[in-house]
Amino acid sequence: MTENLFQTYQLNDTLSLKNRILMAPLTRCMADENLVPTNAMAEYYARRAEAGLIISEAVIIRPDGQGYPNTPGLFSDKQIAGWKKVTDKVHQQGGKIFAQLWHTGRVAHPHFFAHGELANARVLAPSAIAVEGSVPRMRELTYQVPKAVTENDIAKLIADYAQAAENALSAGFDGVEIHGANGYLIDQFLHYDSNRRTDNYGGNATNMARFPLAVVDAIIAKIGNEKTALRVSPGAYFNVVGDDRDRQVFDYYLSELEKRNLAFLHLGIFDDSMEFDYLDGKASSYLRAHYHNTLVGVGGYTAETASAAIADNKFDLIAIGRPFIANPDYVNKVKNKEELTAYSDEMLMTLV
Ligand SMILES: Cc1cc2nc3c(=O)[nH]c(=O)nc-3n(C[C@H](O)[C@H](O)[C@H](O)COP(=O)(O)O)c2cc1C
């Protein structure tokens, strides 16, 4: 029984979804050398237009946000034009698409951006604490000790997020999802492991949520709350280590987010069966209890388990990631009860 997945869903007065299945944001590292989306990417997204809403792979808001090869941007005219081809194709197929706006913070690597005019650019983060490890599949690129951002850096970052949101609408996107999850820049402010600041941006819940909320507010001011969504990871699981005190930060953050009337809030996690002591269980249950507007669940769900979770009011919409890589026609296959192709990591080598 998966019928409820095929109900329409009204996000707000401007946006209505034809079903409850979102394509989760999936980084594919296939943009060209100028970080411009290609025609192959336009075809890839258009093939998935049956989703109620596509969330694009994470898109960097400016060069120093880059932490992986060939991740697309949304800061140059060429990139905007490239994305316009993607959004046009998705719209021609009757789909809707949001851009996921990204800055990786301390997970960035200068290899990708510190040349030419930006030769002296540093990796930026809330505090000068490196994340352990190296860029995936590029082991020689170990993560660096970042520069702790100054108030000027923070003001510029907020302005650049807002500009990227405006660029997203110029490129024809239906809205944006701010990537506030998975241990990247915004999330780094919200966890004690990565935020050791003692100024207005650290040390307690109000201060630690100040930058994330400022980004949300700056984007809402540019494009409106109805086109603005956010992804959050209250449970630290990637690029950052959890701390019991993070709970207070997220309790406060969610109460503030609820007032913003976002298009939706989206959990950031790979496997939603994970439990977090400081959240008293699963991240999705914690969000449902502390945030009362539209919530998107994700992380290891099948159509059947997602349908049951929606029926049990665990969340309102489901984002599907890896199965959508393996099955461009995921939605129709589920609707027609056809067998799905299993996902495997080798599928990441090509854009089908
Ligand atoms: C190859 C790959 C790339 C991903 N890229 C992103 C990304 O760009 N932004 C993001 O927020 N999450 C990203 N994720 C996480 C997914 O959005 C999703 O949360 C995760 O795959 C769990 O859902 P699933 O079990 O349906 O695949 C990625 C996951 C995979 C497997």
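Buried means under 20% relative accessible area, exposed over 50%, and partly exposed in between. With those words in hand, welcome to a few close-up views of a predicted model.

**View 1. Glu 3 sits in the segment before strand S1.** Strand S1 covers residues 9–10, and Glu 3 belongs to the segment that precedes this strand. The relative accessible area of Glu 3 is 47%, so this residue is partly exposed. To get a feeling for distance, look from here to Arg 139: the two residues are 136 apart along the chain, and 45 Å separates their C-alpha atoms.

**View 2. The ligand sits in the largest pocket.** Here you can see the 19 residues that surround the ligand. The closest of them are Pro 25, Thr 27, Arg 231, Gly 300 and Arg 322. If you sort this shell by residue type, you find ten nonpolar, seven polar and two charged residues.

**View 3. Polar contacts reach the ligand from Gln 100, Gly 321 and Arg 322.** In the case of Gln 100, an N or O atom of the side chain is 2.9 Å from a nitrogen atom of the ligand. Gly 321 takes part through its backbone, where a polar atom is 2.8 Å from an oxygen atom of the ligand. Arg 322 also uses its backbone: one of its N or O atoms there lies 2.7 Å from a ligand oxygen. On its own, the ligand has 620 Å² of accessible area, and the protein covers 92% of it.

**View 4. Gln 100 belongs to strand S5.** This view stays with Gln 100 and shows its place in the strand, which runs over residues 97–102. Gln 100 has a relative accessible area of 2%, so it is buried. Ile 55 is 45 residues away from Gln 100 in sequence, yet their C-alpha atoms are 6.4 Å apart in space.

**View 5. Ser 194 is found in the loop between helices H5 and H6.** Helix H5 spans 185–190 and helix H6 spans 205–208, with Ser 194 in the loop between them. Ser 194 counts as buried because its relative accessibility is 2%. Follow its side chain to a polar atom, and you will find the backbone oxygen of Gln 188 at 2.7 Å.

**View 6. Gln 66 and Asn 70 lie in the loop between strand S4 and helix H2.** Strand S4 covers 53–60 and helix H2 covers 77–92. Gln 66 has a relative accessibility of 4% and therefore counts as buried, whereas Asn 70, at 30%, is partly exposed. Gln 66 and Tyr 301 are 235 residues apart along the chain, with 29 Å between their C-alpha atoms. The backbone of Asn 70 deserves a look too: its phi is positive, at about 55 degrees, although this residue is not a glycine. Most residues other than glycine have a negative phi.

**View 7. Asn 261 has a positive phi.** The value is near 50 degrees, in a residue other than glycine. Asn 261 lies in the loop between helix H8, residues 246–259, and strand S12, residues 265–267. With a relative accessibility of 47%, Asn 261 counts as partly exposed.

Key
Residues are numbered from 1 along each chain as its sequence is written. This is a predicted model: local features need pLDDT of at least 70, side-chain atom pairs count only at pLDDT 80 or more; totals for chains, interfaces and linings use all residues. Side-chain values use heavy atoms; hydrogens and water are left out. A residue is near a molecule or strand if one of its heavy atoms lies within 4 Å of it. A polar contact is a pair of N or O atoms within 3.5 Å; within protein, one must be able to donate a hydrogen and the other to accept it, and residues adjacent in sequence count only if both atoms are side-chain atoms. Accessible areas come from the Shrake-Rupley method with a 1.4 Å probe; for residues, only the protein chains shown count as cover. On a 1 Å grid over the protein atoms alone, a cavity is a set of points where a 1.4 Å probe fits but cannot get out, and a pocket is an open set with protein on both sides within 12 Å along at least five of seven lines; lining residues have an atom within 4 Å of a point. A molecule sits in a cavity or pocket if more than half of its atoms lie within 2 Å of its grid points. Ala, Val, Leu, Ile, Met, Phe, Trp, Tyr, Cys and Pro count as nonpolar, Asp, Glu, Lys and Arg as charged, and the others, Gly among them, as polar. Helices (H or I, at least four residues) and strands (E, at least two) are DSSP runs, numbered from the N terminus. Buried means under 20% relative accessible area, exposed over 50%, partly exposed in between (1.4 Å probe, protein chains only).
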